[in-house]
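Here is a note for a colleague who has not looked at this structure before. Please read the points below with the model open.

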Amino acid sequence: DDQRHWLARRAAFAATRLQTRHPRIADVLRYARWPAWLGWVVPLAALIFGLLSNEIGSSKRMNIIAFPLIGMFVWNFAVYLWTALHGLFHMTRRDASPGWLARLAQRMGESARKRLEHQDTLGRALASFLGDWTQASAKLTGYRAARTLHLGAALFAVGVIGGLYLRALGIEYRAGWESTFLQAPSVHALVSALLGPASALTGVALPDAAHIATLNWNTGSNGENAAPWIQLYAATAFLFVIAPRLALAAWNGLRGLTIARNFPVPGREDFYVRRLLRSASGGAGVVRVTPYAYRPSEAAMQRLTRLIRAAFGDATRVEIDGAVDYGAEETWLASANFSSEADHHVLLFNLASTPEAENHGEFAREIAKRLSAAKTGTSVVALLDPRGYRQRLGRGQAERAA
């Protein structure tokens with residue numbers, strides 16, 4: 001809305017002005033931003049690593065059950081399982097806490113904050129900003145990091161399969177297998193489970209267990225042409241790695257874009273933001289006064305009003321509640337409105353009354369609790385009226401009231 005846009009423009013203007021005066025601010029702001037280069041460096045590195053990690057070498061052999069082929073699928077299935085369980089856990093517990101990537105970003109920001117907090121005033125201010133910013137942007141950072149990692153995983157698979165095809169263009173690779181623990185029936189069951197969907201999709205038939213046994217290099221077999229196996233692994237990689245990872249990358253990217261466009265900045269519930277918005281619109285501040293356990297005179301309230309306006313500006317609007325009688329706290333709290341626009345809620349106590357934690361203190365705590373729940377950003381202030389105490393002491397001992 002207009003208020004959010006105004007706050008964003010004001011923050012950008014203030015940041016620009018401050019950076020020209022204090023270069024350290026520019027460094028911190030640059031550190032606080034998501035490094036856009038990660039979005040293409042990590043996926044590109046994954047693609048190159050996938051191309052180079054292929055196990056086919058000068059022997060011209062393709063082991064149909066070797067890493068990175070089987071290992072790549074096992075790793076991705078484990079990631080999918082963890083992602084599903086993690087999402088289900090947060091859904092059932094209605095937990096809004098950030099994920100592990102977001103928490104990692106928070107810890108990195110916390111480390112930078114600690115390096116600044118023992119410096120001069122500007123350093124401490126920047127440390128405070130970093131702490132607030134890393135906490136506020138944790139989810140956004142988590143979605144961006146997840147998008148980058150999912151895209152990297154997809155391109156790694158593209159690299160692995162691409163490496164197979166590139167090497168097979170000029171050399172005939174022979175497909176076979178060898179294993180310390182597995183026998184032909186186990187290998188047949190493994191490749192059938194893994195490559196079965198790709199076989200149904202491409203029409204490339206899977207061999208039976210007897211044929212698999214003839215591909216065992218330990219029996220002196222030379223294997224067979226690897227083209228059908230490369231085609232099956234390429235289709236499987238697309239079905240179970242590339243397509244799901246690209247979908248997850250797109251989903252995380254959209255979630256991050258949504259948060260970036262509607263970043264959860266403090267609104268009118270924040271005291272400072274509300275004062276900014278009110279100043280920008282030319283509005284006056286509001287102070288609410290609630291007397292407790294005594295009834296101040298009209299002259300006393302007029303003096304208090306003058307003091308409040310001297311402190312917060314002549315245009316400040318002072319709202320005075322009716323006095324809350326001793327013992328009537330619960331009745332008053334049940335009917336009181338705590339969603340007002342007041343900047344400060346002043347609790348006015350009589351210095352002549354003995355303060356009691358179970359009454360005066362509990363009344364103040366309950367008001368602060370209700371205001372916090374209403375997210376008004378209103379601060380609670382306690383003021384003592386000393387006039388009754390001075391009158392009780394008499395002129396000779398009035399200095400004790402100070």
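1. Salt bridges, count. The structure holds seven salt bridges. This is a predicted model, and the distances below are computed from it. Three of the pairs are described in points 2 to 4, including the one between Asp 27 and Arg 30.

2. Asp 27 and Arg 30. The side chains of these two residues form a salt bridge, with N and O 2.5 Å apart. Both partners belong to helix 2, which covers residues 23-32, and they sit three residues apart, about one turn of the helix. Asp 27 has a relative accessibility of 41% and counts as partly exposed, while Arg 30, at 52%, is exposed. The cut-off matters here: a residue is called exposed only over 50%, so Arg 30 falls on the exposed side.

3. Asp 325 and Arg 295. A salt bridge also joins the side chains of Asp 325 and Arg 295, at 2.9 Å from N to O. This pair links distant parts of the chain, its members being 30 residues apart. Asp 325 is in the loop between strand 5 (317-320) and helix 13 (329-335). Arg 295 is in the loop between strand 4 (286-291) and helix 12 (298-312). Asp 325 is partly exposed, with a relative accessible area of 39%, and Arg 295 is exposed at 59%.

4. Glu 319 and Arg 317. Here the closest N and O atoms of the salt bridge are 3.1 Å apart. Glu 319 has a relative accessible area of 28% and is partly exposed. Arg 317 is partly exposed too, at 43%.

5. The chain as a whole. The protein chain contains 15 helices and seven strands. It has 402 residues, of which 37% count as buried. Its accessible surface comes to about 23200 Å², and carbon and sulfur atoms account for 60% of that area. Among contacts between residues at least 6 apart in sequence, 80% join residues at least 24 apart.

6. Helix 8 against helix 10. How do the axes of helix 8 and helix 10 cross? Helix 8 spans residues 184-202 and helix 10 spans residues 227-261; their axes come within 8 Å and cross at roughly 90°. Helix 8 is therefore roughly perpendicular to helix 10. On the helix 8 side the contact includes Val 191, Leu 194, Leu 195 and Pro 197. On the helix 10 side Trp 229, Leu 232, Tyr 233 and Phe 240 are among the residues met. The residues of this contact divide into twelve nonpolar, four polar and no charged.

7. Gly 196. This residue is also placed in helix 8. Gly 196 is partly exposed, with a relative accessible area of 23%. Leaving aside residues up to four places away in sequence, Gly 196 touches Val 191 and Leu 206. Gly 196 and Leu 206 are ten residues apart along the chain, and their C-alpha atoms are separated by 7.6 Å. Val 191 is also one of the helix 8 residues that meet helix 10.

8. Asn 252. Is Asn 252 buried or exposed? Asn 252 lies in helix 10 and has a relative accessible area of 8%; since buried means under 20%, Asn 252 is buried. Not counting residues up to four places away in sequence, Asn 252 touches Tyr 143, Ala 146, Arg 147 and His 150.

How values were computed:
Residues are numbered from 1 along each chain as its sequence is written. This is a predicted model: local features need pLDDT of at least 70, side-chain atom pairs count only at pLDDT 80 or more; totals for chains, interfaces and linings use all residues. Side-chain values use heavy atoms; hydrogens and water are left out. Helices (H or I, at least four residues) and strands (E, at least two) are DSSP runs, numbered from the N terminus. Buried means under 20% relative accessible area, exposed over 50%, partly exposed in between (1.4 Å probe, protein chains only). Contact means heavy atoms within 4.5 Å. Accessible areas come from the Shrake-Rupley method with a 1.4 Å probe; for residues, only the protein chains shown count as cover. Axes are lines fitted to C-alpha atoms, for helices over the stretch in contact, and angles run from 0 to 180 degrees between N-to-C directions. Angles under 35 degrees count as roughly parallel, over 145 as roughly antiparallel, 65 to 115 as roughly perpendicular and the rest as oblique. Ala, Val, Leu, Ile, Met, Phe, Trp, Tyr, Cys and Pro count as nonpolar, Asp, Glu, Lys and Arg as charged, and the others, Gly among them, as polar.
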